[in-house]
Amino acid sequence: MHYLIIAKKIKIKMKTSQDIDCIIATDTVLFFDMDGTLVDTDFANFLSYKKAIDSVTMNGFELTYNPNKRFNRSILKNVIPNLSLIDYKRIIQEKEKFYTDFLNETKLKKEVLDILNKYSRTNKTVLVTNCRKDRVLLTLYHFKLTEKFSNIFYRQLSENNTRINKYQEAISSLNILPNSVIVFENEKSEISDAINAGISINNILII
């Protein structure tokens, strides 16, 4: 089992599970991202978008699943460049509703799950995600993981509707020191958020 640390184009020597055991102390707090880190939701996300696009536009767009790139709002705009703002918002709303239909297409990442199962018994384990609350709880309930987390932080927006640094928010809310945190994360932009929140790059792990 190996873990690769990546941030801001920096590649650091891979860590083994034994290395991870060595850096987790009794007071270490473990932050887990959800999509792509703890749970593989990419295919379910794609199917949700596809169904939402079909239901809103009824134009029969041919969409092909790319397992190497998560379908997101930017890709939606590229796929349908002339999409009206009203239809764009409707697709986003419908996509969230249709996610329930494809829960069986989500899969747990075993390597991360094993770490969560092991350390949730001894350490504070926190879910820190930019997913919406309803989808987070639905996914955790589906996999019976709700009780594995001492705290859960969902997607939040600031007053001017911009994305909040989820790691800064979690650290502040829990009143903990950044150097006490180990992060499991797969998104480069959110790895940068973790670094900006004061978490050491050596404590940011990705499968």
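1. Among contacts in the chain between residues at least 6 apart in sequence, what percentage join residues at least 24 apart? The figure is 70%. The model is a predicted one, and the points below should be read with that in mind.

2. Overall content. The chain has 207 residues, of which 44% are buried. Its secondary structure comes to 8 helices and 9 strands. About 11,500 Å² of the chain is exposed, and carbon and sulfur atoms supply 49% of that area.

3. Strand β3 and its partners. β3 pairs with strand β6 (residues 124–128) in the parallel sense, over 4 bridges. Phe31 has Val126 as its bridge partner in β6. β3 also runs parallel to strand β8 (residues 181–184), and 4 bridges join these two strands. Here Leu30 has Ile182 as its bridge partner, while Phe32 stands opposite Phe184.

4. Faces of β3. Val29 and Phe31 point one way from the strand, and Leu30 and Phe32 point the other way. The four residues are all buried.

5. Strand β8. The strand is covered on both faces: Val181 and Val183 lie on one side, Ile182 and Phe184 on the other, and all are buried. Besides its pairing with β3, β8 is joined to strand β9 (residues 204–205) by 2 bridges, and the two run parallel. Val183 stands opposite Ile204 of β9.

6. Aromatic pairs. The whole structure holds 7 aromatic pairs. One of them is formed by Phe32 and Phe149, with an edge-to-face geometry: the centres are 6.2 Å apart and the planes are at 70 degrees. This pair links distant parts of the chain, 117 residues apart, with Phe32 in strand β3 (residues 29–32) and Phe149 in the loop between α6 (133–142) and β7 (151–153). Phe32 and Phe149 are both buried.

7. A second pair. Tyr49 and Phe71 form a tilted aromatic pair, 4.9 Å centre to centre with 50 degrees between the planes. Tyr49 lies in helix α2 and Phe71 in the loop between α2 and α3, so the pair ties together parts that are 22 residues apart in sequence. Both residues are buried. Tyr49 and Phe71 also belong to a cluster linked by ring pairs, together with Phe43, Phe46 and Tyr65.

8. Helix α2. The helix covers residues 42–57, which is 16 residues, and reaches 22 Å from its first C-alpha to its last. That span is close to the 22 Å expected at 1.5 Å a residue. The helix is followed by Met58, whose phi is positive, near 50 degrees.

9. Burial of α2. The buried residues of the helix are Asp42, Ala44, Asn45, Phe46, Leu47, Ser48, Tyr49, Ala52, Ile53, Val56 and Thr57. Phe46 and Tyr49 thus appear both in this list and in the ring cluster. What covers the buried residues of α2 includes β4 (39–40), α3 (73–79) and α4 (85–98).

10. Charges over rings. Lys77 lies over the face of Tyr88, at 4.9 Å from the ring centre. Arg135 lies over the face of Tyr99, also at 4.9 Å from the ring centre.

Note on methods:
Residues numbered from 1 in each chain as written. Predicted model: local features only at pLDDT ≥ 70, side-chain atom pairs only at ≥ 80, totals over all residues. Heavy atoms only, no water. Expected span 1.5 Å × (residues − 1). Buried < 20%, exposed > 50% of the residue type's maximum accessible area, 1.4 Å probe, protein only. Contact = heavy atoms within 4.5 Å. Phe/Tyr/Trp six-rings, centres within 6.5 Å; stacked < 30°, edge-to-face > 60°. Lys NZ or Arg CZ within 6 Å of the ring centre and 35° of its normal. Areas by Shrake-Rupley, 256 points an atom, 1.4 Å probe, with all protein chains shown as cover. Pairing = 2+ DSSP bridges.
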